[in-house]
Amino acid sequence: MTNSPLIGQTDLNVDDDIIDDSEKDDSAPQVRYDITSYGVDFDVEGIVRRLDDGDIVIPEWQRSFIWTLRTASSFIESLLLGLPVPGVFLGKDPASRKLYVIDGQQRLKTLQYFYNSKFPKTDGSHQNFVLQNVSDRFEGLCFSSLDDADRRDLNNSLIHATVVRQDTPPGDDTSMYQIFSRLNTGGRVVNPHEIRCAIYQGDLIDNIKKLNELTEWRRILGKPSQRLKDQEMILRFMALWHAGDEYKKSMAEFLNVFTQRNRTPDKAWLNDIAGLFKQTVTAFAEAKGREAFRLHKARAVNAAVLDSMMVGLAKRIVYRDNQPTSSEIGNTHDSLTENQEYLDSVTQGTSDESSVRIRLQVATAAFADAE
């Protein structure tokens with residue numbers, strides 16, 4: 001048998017304990033978007049109210065606040081002095097009409113903290129937000145201690161927002177993913193599933209978060225991923241199970257379209273696919289435990305092995321209405337990791353249409369014959 005690239009090599013991208021070669025795929029989406037953008041001037045009082053009410057949403061992955069009290073104080077002082085400040089960039093959810101922050105979260109959180117008289121400390125607690133290292137006129141003041149005229153000026157100060165929405169293609173808002181990933185300036189590279197959780201909020205994402213806590217799932221993957229890669233793998237199973245025959249490169253765009261189309265699915269459909277995930281992952285946990293989806297006892301799970309084996313066993317369970325024994329599942333798992341055609345499909349160009357098709361077909365056939 002010829003040697004196949006070993007999982008764990010440094011040229012693959014690693015997220016916690018999951019290695020996903022498809023993350024190297026930076027191909028652009030095969031679509032031309034028409035985007036409308038328009039400007040809105042929000043008064044500061046109104047923008048804080050919208051933040052408090054949840055009408056303007058700061059995605060979970062943007063919640064790290066890094067400004068110091070001195071920097072935040074300088075920003076508030078600029079508004080009090082009538083000086084111009086940078087605008088913010090917002091996306092609009094076509095279903096809920098909520099606005100989500102693409103760029104500008106440090107400025108918006110500073111306003112919210114000042115109005116609520118709380119400034120976060122590094123240990124997770126809060127201190128009173130009093131202005132520091134500003135002009136004598138404002139030094140040591142909090143929102144409630146501003147004089148009436150200054151408070152009115154701050155309330156009426158304007159923050160310019162650029163709001164974007166997708167006009168075409170109609171029926172989805174997948175361009176928001178591209179806007180987030182290309183324009184966000186939050187200080188770190190944003191993980192694809194972090195973006196999905198921000199712009200495709202709904203029952204599907206909520207259900208995946210719950211499934212991610214499943215004991216059997218954690219038995220295989222270990223500790224939860226800080227960058228949501230484990231949640232993305234649940235989504236990947238669902239998408240390839242439901243629409244694997246329609247897969248088109250790239251994996252990220254395929255998952256975006258699936259998530260957008262199924263963000264608020266029929267409850268029966270969602271219960272069925274969640275139940276199938278639980279049954280399938282439980283079978284692998286019992287058969288292989290921590291060794292499941294790892295090639296040659298590698299430390300990390302191989303994402304392509306996971307998606308194909310999960311779909312393969314799920315099809316056996318559904319279409320033949322019977323589940324192999326733990327011994328049969330374990331033997332099939334191990335035999336696949338020695339199949340050169342399968343190995344090539346899970347270690348080389350794993351987001352290519354041919355690789356996805358081959359590994360799903362080989363894994364499905366293997367589990368169909370497991371006995």
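This report describes the nonpolar cores, two helices, a buried serine, the aromatic pairs and the salt bridges of the structure shown above, which is a predicted model.

**Nonpolar cores**

The largest nonpolar core has 55 residues, and within this core W217, F237, M238, F277, F284 and F293 are the residues that touch the most other members. Helix α12, which covers residues 303-319, supplies the largest share of this core, with 10 residues. Apart from it lies another core, made of 35 residues and including V48, F65, L80 and L111.

The surroundings of F293 can be followed residue by residue. When residues up to four places away in sequence are not counted, F293 touches I220, F284, V301, N302, V305, L306, M309, M310 and H333.

**Helices α2 and α9**

Helix α2 comprises the 12 residues 69-80, and because each residue should add 1.5 Å, a span of 16 Å is expected, which agrees with the 16 Å that separates its end C-alpha atoms. This helix is mostly covered, since 9 of its 12 residues are buried, a class that requires under 20% relative accessible area. The buried residues of α2 are L69, A72, S73, F75, I76, E77, S78, L79 and L80. Which elements cover these buried residues of α2? Among them are the helices α1 (44-53), α3 (105-115) and α4, together with the strands β7 (119-120), β8 (126-127) and β9. After α2 comes G82, a residue whose phi is positive, near 80°.

Helix α9 comprises the 15 residues 229-243, for which the same reasoning at 1.5 Å a residue gives an expected span of 21 Å; its end C-alpha atoms are 20 Å apart, which agrees. Helix α9 is also mostly covered, with 14 of its 15 residues buried.

**A buried serine between α4 and β9**

S157 is placed in the loop between α4 (148-156) and β9 (158-168). Is S157 buried or exposed? Its relative accessibility is 11%, so S157 counts as buried. The side chain of S157 reaches the backbone oxygen of D153 at a distance of 2.8 Å. Leaving aside neighbours within four places in sequence, S157 is in contact with F42, D43, V44 and L79, and L79 is itself one of the buried residues of α2.

**Aromatic pairs**

A pair of aromatic rings is described by the distance of the centres and the angle of the planes. A search of the whole structure finds 15 aromatic pairs. One of them joins Y247 and F254 in an edge-to-face arrangement, with 5.0 Å from centre to centre and 75° between the planes; both of these residues are buried. Elsewhere, ring pairs link F65, Y113, F114, Y115, F119, F129 and F143 into a cluster, and F65 is also among the members of the core of 35 residues.

**Salt bridges**

Side chains of opposite charge can pair when their charged atoms come close. The count for this structure comes to 16 salt bridges, and the table gives some of them.

| Salt bridge | N to O distance |
|---|---|
| R107 and D103 | 3.7 Å |
| R218 and D230 | 3.1 Å |
| K288 and E291 | 3.5 Å |

The pair of D230 and R218 links distant parts of the chain, as D230 lies in helix α9 and R218 in helix α8 (residues 215-221), 12 residues apart. Both D230 and R218 are buried. For the pair of E291 and K288, the two partners fall into separate classes: E291, at 41% relative accessibility, counts as partly exposed, whereas K288, at 15%, counts as buried. R107, the partner of D103, has a relative accessibility of 14% and therefore counts as buried.

Salt bridges also join residues into a network, whose linked members are D20, R196, K229, E232, R236, D307 and R359.

**D206 and R263**

D206 is found in helix α7, which runs over residues 203-211, and because its relative accessibility is 39%, D206 counts as partly exposed. How many ångströms separate the C-alpha atoms of D206 and R263? The separation is 9.3 Å, although D206 and R263 are 57 residues apart along the chain.

Notes
Residues numbered from 1 in each chain as written. Predicted model: local features only at pLDDT ≥ 70, side-chain atom pairs only at ≥ 80, totals over all residues. Heavy atoms only, no water. Core = buried A, V, L, I, M, F, W, Y, C linked by side-chain atoms within 4.5 Å. Buried < 20%, exposed > 50% of the residue type's maximum accessible area, 1.4 Å probe, protein only. Helix = DSSP H or I, 4+ residues; strand = E, 2+ residues; numbered from the N terminus. Contact = heavy atoms within 4.5 Å. Polar contact = N/O pair within 3.5 Å; in protein donor to acceptor, adjacent residues only side chain to side chain. Expected span 1.5 Å × (residues − 1). Phe/Tyr/Trp six-rings, centres within 6.5 Å; stacked < 30°, edge-to-face > 60°. Salt bridge = Lys/Arg side-chain N within 4 Å of Asp/Glu carboxyl O.
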